[in-house]
Amino acid sequence: MSTIARIQDFDDPAYDPFVSDDDAFGTCDDPYPQLARWREQADVHAFDYRVAMGLYPDVTMRDLPSFLVTGYDAVEKIFLDPQTYSNKVYARNLGISFGHSVSTMDAPEHTRFRKIFQKAFLPNTVAKWGDTLVDPVVESLMDRFTSRGKADLVQEFTHHYPFHIIYRQLALPPEDVKVFHKLAIAQTVVSYDVAHGTEASRKLGVYFKALLDERRANPGDDLVSLLAQAEVDGDVLPEEILVSFLRQLVNAGGDTTYRATSILLTGLLTNPDQLAAVREDRSLVPQAIEEALRWDGPVLIATRTPTVDVELAGVRIPAGACLSVASGSANRDPSRFVDPDRFDIFRERKHRHFSFAFGPHVCIGQHLARVEMTRALNAILDRLPNLRLDPDMPPPRVQGTMMRVPKHIHVVFD
Ligand code: HEM
């Protein structure tokens, strides 16, 4: 498909958003012991999680009283009571980068638009993408290193594959994708670097508007064409909502899946007996994925604000406060998960994890993320015999205070 839309790089093309990522999300090796200490004391705490962990405060939230929610019951209660715990607080940070996206909305507006977008990501649809989009991307990236006997699975594979899937979903011209990846990543640094976050958002917005015009005139079977024609209550979707969704998609879909897949591989490679079990019996793949998401889900914290003064777990919280809802802490709450710090794909799964959140804002892309991770893991097990950590290189180090990922996974194979 020919295109008239052109992507614009940062005014300073040397700016590297991948470095800013560390400042925005922190580099803590293991936030879980500290979270456990807080959780043992109380479910709710009157302080700012970022600051307490030694990070810059979120500049977009600085004027709000801050609270941290650590316990499973309190986290669940917040996700399931959207009338009291609103998503509108995201307008302050995600609103700058994504615009008026579904994450910044409450019902009834959220319900109205979410049902349109959700249709594009139903399990039946994404299952088809497994063959048409995911497998070709996974195969072509792996072709570059399978004959070498060693690889860095993050830098050569996981960091790229979900973004390449999105480029194909949106049918982006190949020459645009490098700048596109930079702009997508820079959107999330907004809580620490408003200037670059805003520049990325503006440039992606201009690009997506041009792309929408082009696909309206010349529809294909890509996601942009599909959404450009989608209707809400008989009208086409407002352009502002559509552009915001596309901006969010490149980030929510790319960055998170890259992180989750890297963590899944870390969990398995550092527990070779479990890796061997999955290699032997692929019916274990789904439970390995769910355990990786529970053990170290890449999105440690969600944000909400109470619409009225509330008392939660005995703590009074004023309306309008900023709540850091620690899904990552709830996922390791020993009241729900035995020996919670252990990566154990065989654990009894009686309680849900919150790595995709829960309630009306539960991740729209969760089915796609699972398909992507399944296809990626199976391909790695099929094509890299006797896969193991490279004994001559440092082992993977999952890092991050807000969002988690290892920067490298050095492996060898036969
Ligand atoms: C393993 C990968 C992923 C993880 C861990 C993840 C995590 C999350 C979480 C925690 C939320 C809720 C945020 C909140 O309300 O505070 C969310 C929402 C969302 N995710 Fe994902 N996500 C992943 C993959 C994807 C993919 C592949 C897509 C799209 C292709 C996607 C699109 C979205 C969208 C649009 C929302 C907003 C939903 C709403 O507010 O109604 N995500 N995700």
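Is asparagine 386 buried, partly exposed or exposed? Select asparagine 386 and turn on a surface: this residue is partly exposed, with a relative accessible area of 41%. On this tour, buried means under 20% relative accessible area, exposed over 50%, and partly exposed in between, computed with a 1.4 Å probe on protein chains only.

Before you click further, note that this is a predicted model, where local features need pLDDT of at least 70, side-chain atom pairs count only at pLDDT 80 or more, and totals for chains, interfaces and linings use all residues. Residues are numbered from 1 along each chain as its sequence is written, and side-chain values use heavy atoms, with hydrogens and water left out.

**Stop 1: backbone oddities**

Stay on asparagine 386 and check the backbone: phi is positive, about 55°, although this residue is not a glycine. It sits in the loop between α17 and β11 (388–389). Helices (H or I, at least four residues) and strands (E, at least two) are DSSP runs, numbered from the N terminus.

Now jump to alanine 171, another non-glycine with a positive phi of about 55°. You'll find alanine 171 in the loop between α9 and α10, and it counts as partly exposed at 31% relative accessibility. For context, most residues other than glycine have a negative phi, and most peptide bonds are trans.

Next, select residues 107 and 108. The peptide bond from alanine 107 to proline 108 is cis, with omega near 0°. Proline 108 belongs to the loop between α5 (94–97) and α6.

**Stop 2: the ligand**

Select the ligand and expand to its shell. There are 28 residues around the ligand, and Tyr90, His110, Arg114, His361 and Cys363 come nearest; a residue qualifies if one of its heavy atoms lies within 4 Å. By class, the shell splits into 16 nonpolar, 10 polar and 2 charged residues. Here Ala, Val, Leu, Ile, Met, Phe, Trp, Tyr, Cys and Pro count as nonpolar, Asp, Glu, Lys and Arg as charged, and the others, Gly among them, as polar.

Colour by secondary structure and see who contributes. At least two shell residues come from each of α6 (109–119), α13 (239–269), β7 (302–306) and α17 (366–383). The largest share, 8 residues, is from α13.

Which protein atom is the donor to the iron atom of the ligand? Pick Cys363: its SG is the single donor from the protein, 2.3 Å away. Donors are N, O and S atoms within 2.8 Å of the metal (3.2 Å for Na, K and Ca); water is not among the atoms, so sites may look incomplete. Cysteine 363 lies in the loop between α16 (327–330) and α17.

Now draw some distances to ligand oxygens:

- Tyrosine 90: a side-chain N or O atom is 2.7 Å from an oxygen atom of the ligand.
- Histidine 110: a polar side-chain atom is 2.7 Å from an oxygen atom of the ligand.
- Histidine 361: a side-chain N or O atom is 2.7 Å from an oxygen atom of the ligand.

**Stop 3: threonine 158**

Move to helix α8 (residues 153–158) and pick threonine 158. It is buried, with a relative accessible area of 0%. Its side chain makes a polar contact of 2.9 Å with the side chain of serine 262. A polar contact is a pair of N or O atoms within 3.5 Å; within protein, one must be able to donate a hydrogen and the other to accept it, and residues adjacent in sequence count only if both atoms are side-chain atoms. Beyond its neighbours within four places in sequence, threonine 158 is in contact (heavy atoms within 4.5 Å) with Leu153, Tyr258, Thr261, Ser262 and Leu265.

From serine 262, measure C-alpha to C-alpha to alanine 14: the two are 248 residues apart in sequence and 27 Å apart in space. Alanine 14 is in the segment before α1 and counts as exposed, at 64% relative accessibility.

**Stop 4: helix α10**

Why is helix α10 (residues 177–186) largely enclosed by the rest of the structure? Because 9 of its 10 residues are buried. Among them are Phe180, His181 and Lys182. What covers these buried residues includes α1 (17–25), α9 (161–170), α11 (194–217) and α13.
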